[in-house]
Amino acid sequence: MPNSGELPELAATVLQPGFVGTTVPEWVRRSLAEGLGGVALFARNVESPAQVAALTAQLRAERPDVIVAIDEEAGDVTRFESRYGSSRPGNLALGAIDDPELTGAVARDLGLDLARAGITLDYAPDTDVNCNPDNPIIGVRAFGAEADLVARHGAAWIHGLQEAGVAACAKHFPGHGDTAVDSHHDVPVIDHDLTRLAECELVPFRAAIAAGVQSIMTGHLLVPAYDPELPATLSRRILTGLLREELGFDGLIVTDGIEMQGVRRKYGLEGATVRALAAGADAICVGGDHADERTALRLRDAIVAAVRSGELPEERLRDAAARVRRLATWTLETQTAVGARAIADAAGAAVREPAVVAGSVVGQAAARRAVKVTTTAEAPDLPLTHAPHVVEFAPPRNIAIGAETPWGVAAPLTELLPGTTSVRLSADDLAGATDPAAPVLTGVGARPLVLVVRDAHRHPWVADALARTLAVRPDTIVVEMGVPISVAGGLHLATHGATRACGRAAAEIIAGAVVPDRVEQALAA
């Protein structure tokens with residue numbers, strides 16, 4: 001058996017907890033001195049690039065090789081730009097363009113921003129195949145609904161990010177795309193046979209491994225074809241048998257948030273943590289909700305107790321800790337050899353505050369290319385010559401995206417067309433209306449009308465309000481910022497995402513600031 005001090009240090013090495021605040025709490029400093037291997041940053045930890053750089057410098061003053069992770073998909077899910085919305089278009093938009101070279105350039109651009117701020121591991125890209133359009137949690141986070149498309153863009157994204165010295169993390173293994181359940185709340189079931197899984201869900205992960213991805217994140221998913229009892233995060237058959245032995249992945253396996261109900265409800269925080277490590281996971285992500293010292297200590301102590309009781313083999317814990325340290329070494333070496341030169345070439349090595357607001361130039365260019373425009377006979381002439389009224393339909397919050405990230409078209413349209421007015425409506429706002437179109441049309445008159453939706457096909461109240469409004473105003477401009485399943489309105493713009501860059505790209509088309517790259521004429525019969 002290891003000595004009394006070694007086990008707690010090994011246990012701390014495999015944890016990646018979150019914390020509250022924009023500076024390093026004292027408990028995190030102590031934990032780093034006691035062996036903590038990494039931390040996870042969330043939107044609550046980010047004010048600006050300079051502030052994040054100062055925070056990561058504080059972390060490295062305690063432990064130079066600490067892994068600093070962030071969940072930054074550079075799309076609707078953004079932590080680094082959560083205050084403004086991502087200045088990049090996100091995966092679905094990149095898949096819609098289908099230019100892997102551009103995807104790699106966007107990811108490399110992101111990697112430089114993260115590296116400048118001292119971040120070494122990004123929980124991205126999402127390599128799920130979103131073949132279920134009713135998926136409540138993936139949607140625009142995926143590159144698309146076709147396995148080969150997701151595979152080639154996932155690989156390009158990984159290459160781009162890692163060229164900047166930031167480790168990529170393909171997720172959510174073995175594939176969260178074909179589910180109608182959010183694993184934050186329950187356990188999704190992927191009920192396909194082995195052939196279908198091999199031909200669809202696993203294809204992007206094979207490509208990610210071939211591309212040299214440094215990390216893969218588990219999904220809290222039940223996949224009966226491999227394990228009828230345990231979700232993937234806790235399944236040795238899936239993490240060790242499938243991912244390690246069959247697919248040959250030798251990098252870091254990190255769990256999705258261990259406090260998510262997909263594993264926590266049945267097994268508890270400590271039970272899920274120990275079972276995940278025993279199954280083959282190397283790092284435990286925690287702290288989206290439980291971002292405190294007590295939770296980190298509970299998990300560390302549970303790991304130690306499990307080794308001492310024989311529930312978790314000591315050899316397995318040592319292997320997990322070694323993989324964490326190997327990734328830490330990779331990030332140090334890669335950012336030293338590649339990152340410093342690339343950062344200097346790209347931005348003079350200085351972290352500038354305006355970069356947050358101005359954002360990514362290549363990202364905005366990509367967002368413009370992603371917009372698909374469809375017109376009918378009732379379409380208004382573009383550019384608009386009068387300031388429009390914008391109605392944004394706000395669906396229930398997607399917990400992965402977060403409530404704090406701004407989205408929509410109203411803000412950039414107001415900038416481009418002064419006098420633009422706007423309102424945001426929820427299901428509750430329309431619940432008492434005899435005619436759902438009435439609140440939408442209030443005060444509009446003859447002004448141009450712009451309706452903004454996210455995944456209209458998944459929300460009956462949005463589809464109903466949309467249909468009733470278009471019956472009165474068939475010349476309405478409809479901007480779909482989610483997965484575009486159907487076309488509606490006199491003019492329909494599919495942005496393939498709701499990021500700041502996507503909203504800006506749609507607003508530029510409406511206001512005539514740019515000429516759309518692709519316009520499809522779909523004249524009404």
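This tour visits two regions of strands in a predicted model. Residues are numbered from 1 along each chain as its sequence is written, and side-chain values use heavy atoms, with hydrogens and water left out. Because the model is predicted, local features need pLDDT of at least 70 and side-chain atom pairs count only at pLDDT 80 or more, while totals for chains, interfaces and linings use all residues.

Select first strand β12, residues 449-453; strands (E, at least two residues) and helices (H or I, at least four) are DSSP runs, numbered from the N terminus. Five of its five residues are buried, so β12 is largely enclosed by the rest of the structure; buried means under 20% relative accessible area (1.4 Å probe, protein chains only). L449, L451 and V453 lie on one side, and V450 and V452 on the other.

Add strand β10 (residues 389-393), which pairs with β12 in the parallel sense over four bridges; pairing requires at least two DSSP bridges between two strands. Here V390 stands opposite V450.

Next, display strand β13 (residues 477-480), also joined to β12 by parallel pairing over four bridges. V453 stands opposite E480 in β13. From β12 the chain crosses through helix α18 (residues 460-472) to β13 in a right-handed β-α-β crossover: with the strands pointing away from the viewer, the path from the first strand over the helix to the second runs clockwise.

Move now to the open sheet of three strands, ordered β5-β6-β7 with parallel pairing. Its edge strands are β5 (169-173) and β7 (252-254), each pairing on one side only. Strand β6 (residues 215-218) pairs with β7 over three bridges, and I216 stands opposite I253 in β7.

Notes: Buried means under 20% relative accessible area, exposed over 50%, partly exposed in between (1.4 Å probe, protein chains only).
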